[in-house]
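Please keep the sequence beside you while reading these notes, and look up each residue as it is mentioned. The points go from individual side-chain pairs to the chain as a whole.

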Amino acid sequence: MKKLSNVILCFSVVLISSSVVAKDSVNSSGPEITQVTSQGDSVPPYAVSEQLVVKGEELYKRRCGGCHSLDNNRIGPRHRDVYGRKAGTVADYKYSKALRNLDVIWTDQTLDEWLVNPTAFAKGTSMGFRLKKADERHAIIEYLKSLSSASSANAQ
């Protein structure tokens, strides 16, 4: 009888520890997620994958860095805090009339549409560069989103 209770006890321990190990392996196999939250009620919280942000940073430097910078205007306007900002509003940058008159807030959707075809999105813009690959656009947008402060990001 004692032997039977020891077998049952051992079997129970194995089952419990197996479920804990399985649960831990499921939880740790996906990409690490960092929760970014906003202050106030204008921006819903969003999650940004750190792996995607790293990929986006590399792609941003390669694809956008020839004309743009995060903190300085170059051929194009600076991009820090672009996510959630109204288009054409960096005070010390001379925008085309098309962007000055564009009534758009830069969100995931509007940035994606812009990067697919800027000239179709804002007729008369001087930006002609296009990003054809959706995964590259998504990574760059996540990178830009990660650099936007909650107080200036008012996109929904």
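1. In this predicted model, the side chains of Asp135 and Lys55 come together in a salt bridge, with 3.3 Å from N to O. This pair joins distant parts of the chain, since Asp135 belongs to helix α6 (residues 134-146) and Lys55 to helix α2 (residues 50-64), and the two are 80 residues apart. Asp135 counts as partly exposed because its relative accessibility is 43%, and Lys55, with a relative accessible area of 35%, is partly exposed as well.

2. Where does the partner of Arg62 sit, given that Arg62 forms a salt bridge with Glu58? The closest N and O atoms of Arg62 and Glu58 are 2.7 Å apart, and both residues lie in helix α2, where a spacing of four residues means that about one helical turn separates them. Arg62 has a relative accessibility of 48% and therefore counts as partly exposed, while Glu58 is partly exposed at 37%.

3. A further salt bridge is formed by the side chains of Lys145 and Asp108, at 3.0 Å from N to O. Here again the pair links distant parts of the chain, with Lys145 in helix α6 and Asp108 in helix α4 (residues 108-116), 37 residues apart. Is Lys145 buried or exposed? Lys145 counts as buried because its relative accessibility is 5%, below the cut-off of 20% that is used for buried residues. Asp108, by contrast, has a relative accessible area of 28% and is therefore partly exposed.

4. The bridge between Lys145 and Asp108 should not be read in isolation, as a network of salt bridges links Asp108, Glu142 and Lys145. For the whole structure, a search finds 10 salt bridges, and the pairs described above are among them.

5. The residues of that network also take part in the packing of two helices, for the contact between α4 and α6 is made by Asp108, Leu111, Asp112, Leu115 and Val116 on the α4 side and by Arg137, Ile141, Glu142 and Lys145 on the α6 side. The axes of these helices, α4 and α6, come within 10 Å and cross at roughly 130 degrees. Why are α4 and α6 called oblique to each other? Their angle of roughly 130 degrees lies outside the range of 65 to 115 that counts as roughly perpendicular and is not over 145, where roughly antiparallel begins, so the pair is oblique. The crossing of α4 and α6 is right-handed.

6. Aromatic rings deserve a separate look, and the structure holds five aromatic pairs. In one of them, Tyr93 and Tyr95 are arranged edge-to-face, with 4.8 Å from centre to centre and 75 degrees between the planes. Tyr93 and Tyr95 are both buried. Elsewhere in the list of ring contacts, Trp106, Trp114 and Phe121 are joined into a cluster by ring pairs.

7. For the chain as a whole, the secondary structure consists of six helices and two strands, and the order of the elements from the N terminus is α-β-β-α-α-α-α-α. The chain has 156 residues, of which 36% are buried. Among the contacts with a separation of 6 or more, 46% are between residues 24 or more positions apart.

Technical notes:
Residues numbered from 1 in each chain as written. Predicted model: local features only at pLDDT ≥ 70, side-chain atom pairs only at ≥ 80, totals over all residues. Heavy atoms only, no water. Salt bridge = Lys/Arg side-chain N within 4 Å of Asp/Glu carboxyl O. Buried < 20%, exposed > 50% of the residue type's maximum accessible area, 1.4 Å probe, protein only. Phe/Tyr/Trp six-rings, centres within 6.5 Å; stacked < 30°, edge-to-face > 60°. Axes fitted to C-alpha atoms, helices over the stretch in contact; angles between N-to-C directions. Parallel < 35°, antiparallel > 145°, perpendicular 65-115°, else oblique. Left-handed = near helix turned anticlockwise from the far one by under 90°. Contact = heavy atoms within 4.5 Å.
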